[in-house]
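Biologist: Could you show me how to read a new structure, one feature after another? I would like the general idea before each case.

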Amino acid sequence: MNDLKYMQQVLKLAAKGRGQVSPNPMVGALVVKSDVVLGRGYHRYEAFDHAEINALKEAGTLATGATLYVNLEPCCHQGRTPPCTDAILRSGIHRVVAAMTDPNPLVGGKGFHILQVNGIEVDIGVCEKEARLLNEKFVTFVTYNRPFVLLKTAMTLDGKIATHTGHSRWITNEASRQASQLLRAEYDAILVGAQTVIADDPELTLRVENRRHRALIRVIIDGKLSTPLTAKMLTTADVYPVLIFADEMAASIAYGGILALQAKVKEYESKGVQVIFEAGIDGQVSLPAMLTELAYRKVTSLIVEGGANITGQFLTSHLFDKATFFVAPKLVGGREAVAAVGGEGFSTLDQAVELEDIEITRHEQDIEITGYPKLASKVKLEK
């Protein structure tokens, strides 16, 4: 019973690092002896020390004979900091209780093995489900070599994201928009398609207290490189980086040749924007190639905010891990009004993606529905 109590405290400690640890996981730790907490710690990227080290430092010599509670297997490799297993062995800790094994192949059970062969009792699995949920972004990133992908949209009760004239501000209320901003602060990057940039000219910046240690990256999928140089997103590229993914062949044809395209790229670069060419099909950027490139840049999590066709591409490709839909009690109607999810879609209902582990939250009159795809694609992308 005490193990459960202390692990729940550890998870709360770990969550204090939300937005402050990427590309690392959120980790909390407690040093406990005779039912007394002697040391507490959680990881913050810029503070260097891992949670275990912070907790052990606070406990000092009292750690001898104590139990260390931690939500993730202690690291056993040299990274930005020395191995936590070394510090644990030196501390005199006699037992380690961990929620889960570290999915990082550099650790992957090796940390537990080192502790056990040196006489430390190890218990694994207390609050494992909760621990995996807390670090779902990190787990996906290190396991499948791609960012954790959230499909997020705001729509009317009849499934529209804009009227037939293209008018879309505002569908949801202020409370929903604030909740959306808080979500944005938890992710490394946010993505839209070029048509959304052209139609809505969004800023996609953070309008809440910036608790991130890394700047939010804005990503534009733009096969033909048609993003206007006057777009609002491009005016703040020095604060919130902008990456544009394009198809070189499609863009070259659109601009009348490679020399004209190179000149256009230089115009984007003069604004601090980086253009990345990824070969696609029919002028559409390859989503797996784009996700692999983002993973190479240590982007562990990505919000896909649309438009409808981009959302549809991620849906039918099964390249998403979670979906959040903000629904306003409004009815727009109209055959030409823009639906929340576009693209070709599925041919039959048995192909539809079913969500599970559903959570429903009220934001005044709006509702937020979040769930996970039942048969999520877990294909490991090539590095």
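Modeller: We will go through cores, a helix, a strand, some backbone angles and a few single residues. Please keep in mind that this is a predicted model.

Biologist: Let's start inside. Which residues of the largest nonpolar core touch the most other members?

Modeller: The general idea is that nonpolar side chains tend to be buried together in soluble globular proteins. Here the largest nonpolar core has 50 residues, and M7, V31, Y69, I88, I93 and V96 touch the most other members. Helix α1, residues 2-15, gives the most to this core, with 6 residues. Apart from this core lies another one of 34 residues, including F148, I190, L206 and A246.

Biologist: What is V96 in contact with, leaving aside its neighbours within four places in sequence?

Modeller: V96 is in contact with L68, V70, I88, L115, I120, E121, V122 and D123. I88 is also among the core residues that touch the most other members.

Biologist: Now a helix, please. Which residues of α2 are buried?

Modeller: Helix α2 covers residues 51-59, and A51, E52, I53, A55, L56 and A59 are buried there. The next thing to look for is what lies over them. The cover of these buried residues includes the strands β1 (28-33), β2 (36-42) and β3 (67-70), together with helix α3 (84-91). K57 belongs to α2 too, but K57 is exposed, as its relative accessible area is 58%. Just after the helix, G60 has a positive phi of about 60°.

Biologist: And how do I read a strand? Is β8 enclosed or open?

Modeller: In a regular strand, side chains alternate between the two faces of the sheet. So you check each face in turn. In β8, A189, L191 and G193 lie on one side, I190 and V192 lie on the other, and all are buried. Strand β8 is largely enclosed by the rest of the structure because 5 of the 5 residues in 189-193 are buried.

Biologist: Which strands does β8 pair with?

Modeller: One partner is β9, paired with β8 in the parallel sense over 5 bridges. Another is β14, which runs parallel to β8 and is joined to it by 3 bridges. A189 is a handy place to look: A189 stands opposite I217 in β9, and its bridge partner in β14 is L302. From the end of this strand you can also take a distance across the model: the C-alpha atoms of K57 and G193 are 48 Å apart, and the two residues are 136 residues apart in sequence.

Biologist: Next, the backbone. What should catch my eye there?

Modeller: Most residues other than glycine have a negative phi, and most peptide bonds are trans. Exceptions deserve a look. L204 has a positive phi near 55° and lies in the loop between α8 (194-200) and β9 (217-221). E364 has a positive phi near 60° and sits in the loop between β17 and β18 (366-373).

Biologist: Are L204 and E364 buried or exposed?

Modeller: L204 counts as buried because its relative accessible area is 5%. E364, at 57%, is exposed.

Biologist: Where are the cis peptide bonds you would point to?

Modeller: One joins S22 and P23, with omega about 10°; P23 is in the loop between α1 and β1. Another runs from G306 to G307, with omega near 10°. G307 is found in the loop between β14 (301-304) and α13 (308-316).

Biologist: Last, some single residues. Is E136 buried or exposed?

Modeller: With 10% relative accessibility, E136 counts as buried. E136 is in helix α6, residues 136-144, and touches F148, K322 and Y372, not counting residues up to four places away in sequence. F148 is one of the residues in the core of 34. S252 in helix α10 (residues 248-255) is also buried, at 15%.

Biologist: And which residues make a nonpolar patch on the surface?

Modeller: L355, I358 and I360 make one of about 260 Å². I358 is in strand β17, residues 355-363, and counts as partly exposed because its relative accessibility is 42%.

How values were computed
Residues numbered from 1 in each chain as written. Predicted model: local features only at pLDDT ≥ 70, side-chain atom pairs only at ≥ 80, totals over all residues. Heavy atoms only, no water. Helix = DSSP H or I, 4+ residues; strand = E, 2+ residues; numbered from the N terminus. Buried < 20%, exposed > 50% of the residue type's maximum accessible area, 1.4 Å probe, protein only. Patch = residues over 30% accessible without salt bridge, like charges linked within 9 Å, V, L, I, M, F, W, Y side chains within 5 Å. Areas by Shrake-Rupley, 256 points an atom, 1.4 Å probe, with all protein chains shown as cover. Salt bridge = Lys/Arg side-chain N within 4 Å of Asp/Glu carboxyl O. Core = buried A, V, L, I, M, F, W, Y, C linked by side-chain atoms within 4.5 Å. Contact = heavy atoms within 4.5 Å. Pairing = 2+ DSSP bridges.
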